[in-house]
Amino acid sequence: GPASIITANNVFAHVDDLIGFTQGVRGLLADKGIFIFEVSYLADVYEKTLFDTIYHEHLSYHSVGPLHQYFTAQGLELIDVTRIATHGGSIRGIAQIANGPRRVSKSVSNLMNLESNLKLDKPHTLKRYSNNIDKLKQQLQVLLYDFKQSGKNIVGYGAPAKATTLLYHFGLGSDMLDFIIDDSPQKQGLYLPGLHIPVLPSSVLYEKNPDYILILAWNFSDPIIKNHLSFSKAGGKFIIPLP
């Protein structure tokens, strides 16, 4: 029968036929049901310069203003939005069938006002965003180049899709990173797409003893650093490129 709750965490942004998907949700929901979804938040992507989350799987980059209008057009109603820390900054939205039993939270209008103040719908905002990415690129290139010039060894940690975006856009390759560590056995023994940097298990860290680790899976920086305190105690240092 009809669903009381439908969830789509880190799925909604991947959908090509978004209208068909949303109509499917509406058709499956009970009259008093709710649709809960999580997506990366454009305000965080902009403010924290999280450009490396922009890649082929993510077809949409969401903010509350357009979502509010979109759900209305599909016979649904956005009733609550919460900012959460996932993936550097996301939102958890809740929608119900239009004119449903729940009141619309002030969180919806509050975030719409925030987006208006940030001018997320203006071209010059996106141009500033592009400039901020270029500044980060220059800073990281200079930092890593100086380390290499002084004879330091640098490796990467994490081989998610975002790593490929970051390294390509920042012009960093095998001349800068000796190898990349990843904790997933499914990635170990393979290579980063295009750049052909080898992906190895974390045990190699303590065999090769690099000087610096560039954390490419930056959203997992805390557990990575915590799991490798012995690397830090031996004098190794971590570099977190984003946010």
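Analyst: On a 1 Å grid over the protein atoms alone, a pocket is an open set of points with protein on both sides within 12 Å along at least five of seven lines, whereas a cavity is a set of points where a 1.4 Å probe fits but cannot get out; lining residues have an atom within 4 Å of a point. Grid points are joined across faces, edges and corners, and a volume is the space filled by probe spheres set on the points. The model is predicted, so local features need pLDDT of at least 70 and side-chain atom pairs count only at pLDDT 80 or more, while totals for chains, interfaces and linings use all residues. Residues are numbered from 1 along each chain as its sequence is written, and side-chain values use heavy atoms, with hydrogens and water left out.

User: How much space lies in the largest pocket, and which residues are closest to its centre?

Analyst: The largest pocket holds about 560 Å³ of space. Its lining comprises 28 residues, and those closest to the centre are His-87, Pro-160, Lys-162, Asn-219 and Phe-220. Two elements, strand 2 and helix 6, each give two or more residues to this lining. Strand 2 contributes the most, with 3 residues. Here helices (H or I, at least four residues) and strands (E, at least two) are DSSP runs, numbered from the N terminus.

User: How should a sheet be read, and what is the order of the strands in the open sheet?

Analyst: In general, strands of a sheet pair through backbone hydrogen bonds, either parallel or antiparallel. Two strands are taken to pair if DSSP finds at least two bridges between them. In this structure, an open sheet of 4 strands follows the order 1-2-4-3, and its pairing is mixed. Strand 1 (3–9) and strand 3 (76–84) form the edges, each pairing on one side only. From one strand to the next, the twist averages 15°. Strand 3 and strand 4 (residues 90–97) run antiparallel and are joined by 8 bridges. Within this arrangement, Arg-83 stands opposite Ile-91 in strand 4.

User: Which strands does helix 1 touch as it packs on the sheet, and which does helix 3 touch?

Analyst: Helix 1 (residues 18–28) touches strand 1, strand 2 (29–40), strand 3 and strand 4, and its direction makes about 145° with that of strand 2. Helix 3 (residues 64–73) also packs on the sheet, touching strand 2, strand 3 and strand 4, with a direction at about 155° to that of strand 3. Contact means heavy atoms within 4.5 Å. Axes are lines fitted to C-alpha atoms, for helices over the stretch in contact, and angles run from 0 to 180 degrees between N-to-C directions.

User: How many salt bridges does a search of the whole structure find?

Analyst: Side chains of opposite charge can pair when their charged atoms come close. The criterion is a side-chain nitrogen of Lys or Arg within 4 Å of a carboxyl oxygen of Asp or Glu. The search finds 5 salt bridges in the whole structure. In one of them, the side chains of Arg-92 and Glu-38 meet at 2.9 Å, N to O. This pair links distant parts of the chain, with Arg-92 in strand 4 and Glu-38 in strand 2, 54 residues apart.

User: Is Glu-38 buried or exposed?

Analyst: Buried means under 20% relative accessible area, exposed over 50%, and partly exposed in between (1.4 Å probe, protein chains only). Glu-38 counts as buried because its relative accessibility is 8%, while Arg-92, at 32%, counts as partly exposed.

User: Which residues do salt bridges that share partners join into one network?

Analyst: Asp-44 and Lys-48 meet in a salt bridge (3.4 Å, N to O). Asp-44 is buried, at 4% relative accessibility, and Lys-48 is partly exposed, at 31%. Asp-44 also forms a salt bridge with Arg-83, the closest N and O atoms being 2.9 Å apart. That second pair links distant parts of the chain, Arg-83 in strand 3 and Asp-44 in helix 2 (residues 42–47), 39 residues apart. Through shared partners, Asp-44, Glu-47, Lys-48 and Arg-83 are joined into one network.

User: Which residues of helix 6 are buried?

Analyst: In helix 6 (residues 161–169), the buried residues are Lys-162, Ala-163, Thr-164, Thr-165, Leu-166 and Leu-167. The buried residues of this helix pack against strand 6 (180–181). Gly-171, with a positive phi near 65°, follows helix 6.

User: Where is Asn-99 found, and what is its phi?

Analyst: Asn-99 lies in the loop between strand 4 and helix 4 (106–118). Its phi is positive, about 65°, although Asn-99 is not a glycine. With a relative accessible area of 74%, Asn-99 is exposed.
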